[in-house]
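Visitor: I have a structure to go through with you. Can we start with the charged pairs and move on from there?

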Amino acid sequence: MKAAGLIIVLLTGGLLLYATQDFPPWGAPDSPASTHVSPRYLQKATEETAVPNIVTAVLADYRGFDTMFETTVIFCAGIGCFVLLRIFRQKPEDRYYRHIATEITLHIKGGRLPNKSREFERIDTLWTPYDLVIKTVCRILAPFIQLFALYVIAHGHHSPGGGFQGGVILGASIILIAISHNMRTAIARISEKVDNLLMAVGVFIYAGIGAVCVMLGAAFLDYGNLSVILFADEIMARSHGILGVEIGVGITVMAVMISIYNNLASAGKQDEGL
Amino acid sequence: MSDLIPILVAKYNYWLYIVLMMIGLYAMIAKNNLVKKLVGMNIFQTSIILFYVSIGCKKGATIPIIQHGMAAGHHAIDPSHYVNPLPHVLMLTAIVVSVSTFGVALALAIKTYHQYKTLEEDEILARLRPR
């Protein structure tokens with residue numbers, strides 16, 4: 001098996017290496033990939049959409065359908081993870097609680113203490129030591145990470161950024177809380193129900209903007225006609241339409257990242273994990 | 001030999017990505033552990049992403065953000081001053097999609113582990129076979 005695999009891999013690699021002879025040299029400005037569609041995008045995108053960042057303009061306007069279905073793929077991946085892993089009816093299992101005043105740890109088999117108790121706090125079964133420095137630093141850092149993420153989404157027209165990147169950074173800030181404290185703290189910040197709703201809301205915003213365009217008499221995701229309701233000229237309306245779509249993408253990506261992390265790290269129980 | 005060096009220098013990026021792709025493909029075929037197979041799949045995806053990004057590169061060009069934003073609309077823009085934005089757009093979505101599909105794959109691996117109590121492929125196959 002291993003030898004056969006090695007032969008197949010070497011054969012494929014050898015053929016590909018042989019094929020690189022016909023490739024244009026690295027960084028050639030006149031390579032076939034750079035001479036067909038992209039000059040048109042580079043020359044016209046700014047005057048057609050009022051967005052200086054061509055990547056954002058192409059992503060959300062010229063290739064709007066593609067991005068919408070990529071967002072749907074991410075949404076489906078989040079739902080798939082949820083359906084595969086989530087366990088709702090849990091058998092009563094062993095839990096560990098710590099008495100806060102005396103730091104005595106209780107191991108309770110089967111039964112459970114109330115979740116909100118002033119005297120006891122629940123700790124993970126695979127207990128990680130309490131670390132004040134890590135917890136405090138991560139708690140202080142999280143809002144700034146979120147602020148940066150909002151900047152990346154909102155300023156994606158003029159600087160590198162956009163919905164996908166900003167959404168991942170937003171999700172990472174919540175996952176940072178889950179890693180540095182524990183999963184229950186992160187779920188108290190953004191509950192499972194809200195998170196799953198947000199996954200759908202992002203796709204809904206994206207498709208909804210497309211549907212509004214249809215209602216105003218243009219093609220699906222043709223933002224030009226949004227000028228009627230946005231009180232802007234047609235070019236600026238495209239820019240605003242792109243912003244709305246990016247916000248939808250950001251919401252979906254954030255919610256899916258959090259949901260996938262929570263389901264994977266706790267194997268579907270969503271109460272304790274890494 | 002003297003012919004080979006200019007070719008290598010001009011196209012070393014493609015060679016690197018093909019080597020990376022071969023590592024990923026070998027891991028997907030030959031490794032026994034399911035998680036190692038998935039990591040191989042991720043290396044494969046990364047090599048494709050790097051390949052696409054390197055296609056968009058132009059020597060001496062800058063990032064595809066038009067300088068001086070809106071004012072530049074009036075005079076002509078030379079496409080050779082900005083790198084090709086299209087591969088960046090395609091890979092931007094592919095990166096996030098690859099992360100989420102990797103999540104689904106890991107979820108399937110967790111389910112497999114719960115069912116068979118192992119992630120080794122030969123042990124799973126031995127249990128699947130009727131006795």
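Visitor: What does Glu48(A) form a salt bridge with?
Guide: With Arg40(A). The closest N and O atoms are 2.9 Å apart. Keep in mind that this is a predicted model.

Visitor: Are those two buried or partly exposed?
Guide: Glu48(A) is partly exposed, at 27% relative accessibility. Arg40(A) is also in the partly exposed class, at 38%.

Visitor: How many salt bridges does the structure hold over all chains?
Guide: The count is 6 over all chains. One of them joins the side chains of Arg63(A) and Asp66(A), at 3.3 Å from N to O.

Visitor: And how accessible are Arg63(A) and Asp66(A)?
Guide: Arg63(A) has 27% relative accessibility and counts as partly exposed. Asp66(A) has 25%, again partly exposed.

Visitor: Over to chain B. Which residue forms a salt bridge with Lys37(B)?
Guide: Glu121(B) does, with the closest N and O atoms 3.6 Å apart. Lys37(B) lies in helix α2 of chain B and Glu121(B) in helix α4, residues 121-128, so the pair ties together parts 84 residues apart in sequence.

Visitor: Is Lys37(B) buried or exposed?
Guide: Buried, with a relative accessible area of 14%. The cut-off for buried is under 20%. Its partner Glu121(B) is partly exposed, at 30%.

Visitor: Which residues do salt bridges with shared partners join into one network?
Guide: Asp61(A), Asp222(A) and Arg238(A).

Visitor: How many salt bridges does the rule find across the interface of chain A and chain B?
Guide: It finds 0 there. For polar contacts, it finds 7 residue pairs across that interface, with both residues at pLDDT 80 or more.

Visitor: Which elements of chain A touch chain B?
Guide: Those giving two or more residues to that side are α1 (2-19), α2 (38-49), α3 (54-62), α4 (64-85), α6 (163-180) and α10 (234-265) of chain A. The largest share is from α1(A), with 10 residues.

Visitor: What is that side of chain A like by class?
Guide: It has 39 nonpolar, 15 polar and 5 charged residues.

Visitor: How many residues are in contact, chain by chain?
Guide: 59 residues of chain A are in contact with 50 residues of chain B.

Visitor: And what area is buried between the chains?
Guide: About 5000 Å². Carbon and sulfur atoms give 78% of that. On the chain A side, Trp26(A), Leu42(A) and Leu84(A) lose the most area to chain B. Together they make up 15% of what that side buries.

Visitor: New topic, the largest nonpolar core. Which residues touch the most other members?
Guide: Ile54(A), Ile74(A), Phe164(A), Tyr223(A) and Val253(A). The core has 42 residues.

Visitor: Which elements give two or more residues to this core?
Guide: From chain A, α2, α3, α4, α8 (192-215) and α10. From chain B, α3 (85-116). The largest share, 10 residues, is from α10(A).

Visitor: What is Ile54(A) in contact with, leaving aside neighbours within four places in sequence?
Guide: Within chain A, Tyr41(A), Leu42(A), Ala45(A) and Thr46(A). From chain B, Pro64(B), Ile66(B) and Pro85(B). Apart from the largest core lies another, of 14 residues. Its members include Ala149(A), Ile174(A), Ile190(A) and Met254(A).

Visitor: Now Ser47(B). Where is it placed?
Guide: In helix α2 of chain B, residues 34-55. Ser47(B) is buried, at 2% relative accessible area.

Visitor: What lies 2.8 Å from a polar atom of the Ser47(B) side chain?
Guide: The backbone oxygen of Phe44(B). Not counting residues up to four places away in sequence, Ser47(B) touches Tyr17(B), Leu20(B) and Met21(B).

Visitor: Last one, His114(B). Which helix is it in?
Guide: Helix α3 of chain B. His114(B) is partly exposed, with a relative accessible area of 44%.

Visitor: How far apart are His114(B) and Phe51(B) in space?
Guide: 37 Å, C-alpha to C-alpha. In sequence, His114(B) and Phe51(B) are 63 residues apart.

Conventions
Residues numbered from 1 in each chain as written. Chains lettered and ligands numbered in written order. Predicted model: local features only at pLDDT ≥ 70, side-chain atom pairs only at ≥ 80, totals over all residues. Heavy atoms only, no water. Contact = heavy atoms within 4.5 Å. Buried area = accessible area lost by both parts, 1.4 Å probe. Salt bridge = Lys/Arg side-chain N within 4 Å of Asp/Glu carboxyl O. Polar contact = N/O pair within 3.5 Å; in protein donor to acceptor, adjacent residues only side chain to side chain. Helix = DSSP H or I, 4+ residues; strand = E, 2+ residues; numbered from the N terminus. Nonpolar A, V, L, I, M, F, W, Y, C, P; charged D, E, K, R; others polar. Buried < 20%, exposed > 50% of the residue type's maximum accessible area, 1.4 Å probe, protein only. Core = buried A, V, L, I, M, F, W, Y, C linked by side-chain atoms within 4.5 Å.
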